[in-house]
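Here is a short set of exercises on helix packing and burial, to be worked through with the model open beside you. Try each task before you read its solution.

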Amino acid sequence: MNGGTDEHTSLLGRAQNGNRKASIRDFFLNRHHTPGMESEHKFVRYPAHAFNVTKVTLFSNYVNILLVFVPLGIVAGACGWNPTTVFILNFLAIIPLAAVLSFATEEISIKLGQTMGGLLNATFGNAVELIVSIVALRNGEIRIVQSSMLGSILSNILLVLGCCFLAGGIHNTSHGTASGIEQGFNQTVASTMSSLMAVASASLIIPATLYAALTKSQADSKDNILILSHGTSIILLILYILYLVFQLRTHARLFDAENEGENNDEESEEPKMSPWAAGGVLVLVTIGVAICAEYLVDSIEAVVETMHISKTFIGLILLPIVGNAAEHVTAVVVAVKDKMDLAMGVAIGSSMQIALLVTPFLVILGWIIDVPMTLHFETFETVVFFLSVLVVTYVIQDGKSNYLEGAMLLGLYLIIALAFLVYPDDATDVGGFVVRSVKSMVGF
């Protein structure tokens, strides 16, 4: 009898241990539920909800394992560690923060619908670059701001789009996910975006051309360039607003192919957290990005001296890759799934936001805080930008893509990266060179 009782007690104990382990596992690893969320006591319910939001956010992306570098980067900056260490730690910290920022934005967009979601993505999609640039602008680092803006555009239209075409093309060739051996996308939308990018490149060529024309003039070229930049920035902002109206209201049907693919995904997609929770994550992450960006920018000067790389290379190549890391992954994933309209929207749409919204905004902000931020980029940078837009326009004009076109875009990006690796910060404009370069490129 006692033996039977002992056996029953042992089985009961093992069951209790198993339930306890399951509860612990459920508490820490269950992404959909946390014990205590249904409690009537608010002191239990609120912390349980907060912990569940934390779990959902941390498990949203594998790159979030790098979040350990956020406190390390902040401590390193606050305690005055070696500038190179501070730069590397905060550089790594911004990567997962950008991913979390993207995740929280997507969660809010699901509830708000397509129109408001599009506006929200336009606002927060390039938040990391905007925050880093505002910090740099406040510190008077105009070269960092200009190169970061140009680098964001180039990384999107060459690196991201190239990776999308390459990965999507290879996957399509081997698995046959699309008809034929090429992937297609909305040619009208691509044409509209590339036309706006051409206008943006013209807005940089004109100040550079004016600067070259004023080299032998007695007029104050700096004041003239500032006046031109302020006026051009206002016009570009108006153009961006008109583009939003064009895309979301008056000509929304042109974007039907893109929106259809997006809506099909969202039909089966449920938000993982409430809009208020996602908004809270958005605020916290934005503060984290601002703090890390502050220490990152402050350490750039010392990094340039110790590592013998130019500010232009840091701003044009390194910072954009970090800021756009989450968008890069998203674009490539949807391209492999043969949703090229969505990939084009992420790649070219994001670069268009930088060119028509963020850069003009920074020029206006510099005007307000009395920092002479202009649209006059160095001649070499202007020519590189113009050539890149020209190549991308030719590549996407037929509404089809393949892996060879992706390899071409990636090859051009690597060539540009190598060029800026050896490009010194003290390089100056050569009067008249940009005029001759542009004339030769357009056939005059």
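The exercises below move from the whole chain to pairs of helices and then to single residues.

This is a predicted model, in which local features need pLDDT of at least 70 and side-chain atom pairs count only at pLDDT 80 or more, while totals for chains, interfaces and linings use all residues. Residues are numbered from 1 along each chain as its sequence is written, and side-chain values use heavy atoms, with hydrogens and water left out.

**Exercise 1. The whole chain**

Task: Find how many helices and strands the protein chain has, and what share of its residues is buried.

Solution:
- Start with secondary structure: the protein chain has 17 helices and two strands. Helices (H or I, at least four residues) and strands (E, at least two) are DSSP runs, numbered from the N terminus.
- Next comes burial: of the 444 residues in the protein chain, 47% are buried. Buried means under 20% relative accessible area, exposed over 50%, and partly exposed in between (1.4 Å probe, protein chains only).
- Finish with contacts, meaning heavy atoms within 4.5 Å. Of the contacts between residues at least 6 apart in sequence, 80% join residues at least 24 apart.

**Exercise 2. Helices α8 and α14**

Task: Work out how α8 and α14 are oriented to each other and which residues meet.

Solution:
- Locate α8 at residues 187-213 and α14 at residues 340-368; their axes are 10 Å apart and the packing angle is about 25°. Axes are lines fitted to C-alpha atoms, for helices over the stretch in contact, and angles run from 0 to 180 degrees between N-to-C directions.
- Classify the angle: under 35 degrees is roughly parallel, over 145 roughly antiparallel, 65 to 115 roughly perpendicular and the rest oblique. The helices α8 and α14 are therefore roughly parallel to each other.
- Add the hand: α8 and α14 cross in a left-handed way. A crossing is left-handed if the near helix is turned anticlockwise from the far one by less than a right angle, and right-handed if clockwise.
- List the partners: from α8 come Ala190, Met193, Leu196, Met197 and Ala200, and from α14 Met344, Gly345, Ile348, Gly349, Ser351, Met352, Ala355 and Leu356.
- Sort them by class: ten are nonpolar, three polar and none charged. Here Ala, Val, Leu, Ile, Met, Phe, Trp, Tyr, Cys and Pro count as nonpolar, Asp, Glu, Lys and Arg as charged, and the others, Gly among them, as polar.
- A general point helps when reading such lists: an α-helix has 3.6 residues a turn, so residues three or four places apart point the same way.

**Exercise 3. Helix α12 and its partners**

Task: Decide how enclosed α12 is, then describe how α11 and α16 cross α12.

Solution:
- Begin with burial: eleven of the 13 residues of α12 are buried, so α12 is largely enclosed by the rest of the structure. Among them are Phe313, Ile314, Leu316 and Pro320.
- Take α11 (residues 275-307): its axis comes within 10 Å of that of α12 (residues 311-323), crossing at roughly 130°. The two helices are therefore oblique to each other, and the crossing is right-handed.
- Name the contact residues: Leu296, Ile300, Glu301, Val303 and Val304 belong to α11, and Lys311, Ile314 and Leu319 to α12. Six of these residues are nonpolar, none polar and two charged.
- Turn to α16 (residues 403-421): the axes of α12 and α16 come within 8 Å and cross at roughly 140°. This pair is therefore oblique too, with a left-handed crossing.
- Compare the partners: Thr312, Phe313, Leu316, Ile317 and Ile321 of α12 meet Tyr413, Ile416, Ala417, Phe420 and Leu421 of α16. That contact has nine nonpolar residues, one polar and no charged.

**Exercise 4. The surroundings of Ser310**

Task: Establish where Ser310 lies, why Ser310 counts as buried, and what Ser310 touches.

Solution:
- Place the residue: Ser310 is in the loop between α11 and α12.
- Check burial: Ser310 counts as buried because its relative accessibility is 8%.
- Look for polar contacts, pairs of N or O atoms within 3.5 Å; within protein, one must be able to donate a hydrogen and the other to accept it, and residues adjacent in sequence count only if both atoms are side-chain atoms. The Ser310 side chain reaches the backbone nitrogen of Phe313 at 3.1 Å, and one of its polar atoms lies 3.3 Å from the backbone oxygen of Tyr423.
- Complete the neighbourhood: leaving out residues up to four places away in sequence, Ser310 touches Val304, Phe420, Tyr423 and Asp425.
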